[in-house]
Amino acid sequence: MKTFCLLVTLLLSLVYLPNNYYEFSAEDFFELSEVNQPIDVLHPDYRLLDAALFHQTNLERQKQGLSLLVFHGGLYKASVQHTEAMVRLKFFAHDNPYDTEHQTMVNRIERYASEMRAMGENIEEHFILDPEKAYCVERKQTNEYRYYDCDTHKSIPMLTYKQFAKACLNVWMHSSGHRHNILSRNFRYLSCAGRVMPHPFSTASGPSARLTQDFGGN
């Protein structure tokens, strides 16, 4: 019985070993094999996706010699809540027109991280396909789309978690307001959430995800 309990404990520890990706440095995190696998848009690993966005943000701060942001559980609840609402209710904005309790960024952050005195939020929608050049699209009998190289007819792969996070941060860093949040000295905490839009192969433009970054400082 004792041996069985020890075995169960060991197995559980192995299952949950990488669970807290926020304990890794950004450099070590992006060396993990799973981070460098293409995103399975039908079964995405959101734990991995959210951590990739978090660590890529800290790499941008690191380039500027700024202190690294710290993961915050309350901000994570706020970012997940807003991202899932944008996906479920099909809107894309900082304000949620369907939920008065979570309507604004301030509403959400005060609800889940009331100690924050400085607050900021970035949102984005980004495609997950990884084309090196223009690609072709065909609609199958299932009414789903296939995305393929026009010359080789090979299917276009999805971005890896690492590539996706880097692409998303590249967009934010080329927008002054978003860049200001990412590099602000007023923030100490950060949490990120990305969620794939439903029915990812149902549009000619391809699978995409909506994202939220919530920043806080006290």
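Where is Ala134 found? Ala134 sits in the loop between strand 2 and strand 3, the latter covering residues 136-139. The structure described here is a predicted model. Ala134 is exposed, and its relative accessible area is 65%. Along the chain, Ala134 and Asp149 are 15 residues apart, and their C-alpha atoms are separated by 7.7 Å.

## Helix 4 and its surroundings

Helix 4 runs over residues 73-89 and has 17 residues. At 1.5 Å a residue, helix 4 should span 24 Å; the C-alpha atoms at its ends are 24 Å apart, so the expected value and the model agree.

The buried residues of helix 4 are Gly74, Leu75, Ala78, Ser79, Val80, Gln81, His82, Thr83, Ala85, Met86 and Val87. Among the elements that cover these buried residues are helix 5 (105-112) and three strands: strand 2 (118-127), strand 5 (189-196) and strand 6 (208-217).

After helix 4 comes Lys90, which has a positive phi, near 60°. Lys90 belongs to the loop between helix 4 and helix 5. Lys90 is exposed, with a relative accessible area of 67%.

A positive phi is also found at His153, which is not a glycine; the value there is about 65°. His153 is placed in the loop between strand 4 (145-148) and helix 6. With a relative accessible area of 48%, His153 is partly exposed.

## Two helix crossings

Two packed helices are described by the angle between their axes and the distance between the axes. The table gives these values for two pairs.

| Helix pair | Axes come within | Axes cross at | Handedness of crossing |
|---|---|---|---|
| Helix 3 and helix 6 | 9 Å | roughly 50° | right-handed |
| Helix 4 and helix 5 | 8 Å | roughly 140° | right-handed |

Which residues of helix 4 and helix 5 make the contact? On the side of helix 4 they are Gly74, Leu75, Lys77, Ala78, Gln81 and His82, and on the side of helix 5 they are Arg108, Ile109 and Tyr112. By class, the contact of helix 4 with helix 5 has four nonpolar, three polar and two charged residues. Helix 4 and helix 5 are oblique to each other.

Helix 3 (residues 46-63) and helix 6 (residues 161-173) form the other pair in the table. Helix 3 and helix 6 are likewise described as oblique to each other. From helix 3, the residues in contact are Leu48, Leu49, Ala52, Leu53, Gln56, Thr57 and Glu60. They meet Tyr161, Phe164, Ala165, Lys166, Cys168, Leu169 and Met173 of helix 6. Sorted by class, the contact of helix 3 with helix 6 has ten nonpolar, two polar and two charged residues.

## Residues in strands and in helix 7

Is Ala193 buried or exposed? Ala193 is buried, because its relative accessible area is 0% and buried means under 20%. Ala193 lies in strand 5, one of the elements that cover the buried residues of helix 4. Leaving out residues up to four places away in sequence, Ala193 touches Asp50, Leu53, Ser79, Val80, Thr83, Arg210, Leu211 and Thr212. Of these, Ser79, Val80 and Thr83 are among the buried residues of helix 4, while Leu53 is one of the residues with which helix 3 meets helix 6. Ala193 and Val35 are 158 residues apart in sequence, and the distance between their C-alpha atoms is 16 Å.

Phe127 is placed in strand 2. Its relative accessibility is 42%, so Phe127 counts as partly exposed. Phe127 touches Leu159, Phe164, Ser205, Gly206, Pro207 and Ser208, when residues up to four places away in sequence are not counted. Phe164 is also one of the helix 6 residues that meet helix 3. Phe127 and Ala113 are 14 residues apart in sequence, and from C-alpha to C-alpha they are 30 Å apart in space.

Gly177 lies in helix 7, which covers residues 176-183. At 40% relative accessibility, Gly177 counts as partly exposed. Between Gly177 and Tyr46 there are 26 Å in space, C-alpha to C-alpha, and the two are 131 residues apart in sequence.

Note on methods. Residues numbered from 1 in each chain as written. Predicted model: local features only at pLDDT ≥ 70, side-chain atom pairs only at ≥ 80, totals over all residues. Heavy atoms only, no water. Helix = DSSP H or I, 4+ residues; strand = E, 2+ residues; numbered from the N terminus. Expected span 1.5 Å × (residues − 1). Buried < 20%, exposed > 50% of the residue type's maximum accessible area, 1.4 Å probe, protein only. Contact = heavy atoms within 4.5 Å. Axes fitted to C-alpha atoms, helices over the stretch in contact; angles between N-to-C directions. Parallel < 35°, antiparallel > 145°, perpendicular 65-115°, else oblique. Left-handed = near helix turned anticlockwise from the far one by under 90°. Nonpolar A, V, L, I, M, F, W, Y, C, P; charged D, E, K, R; others polar.
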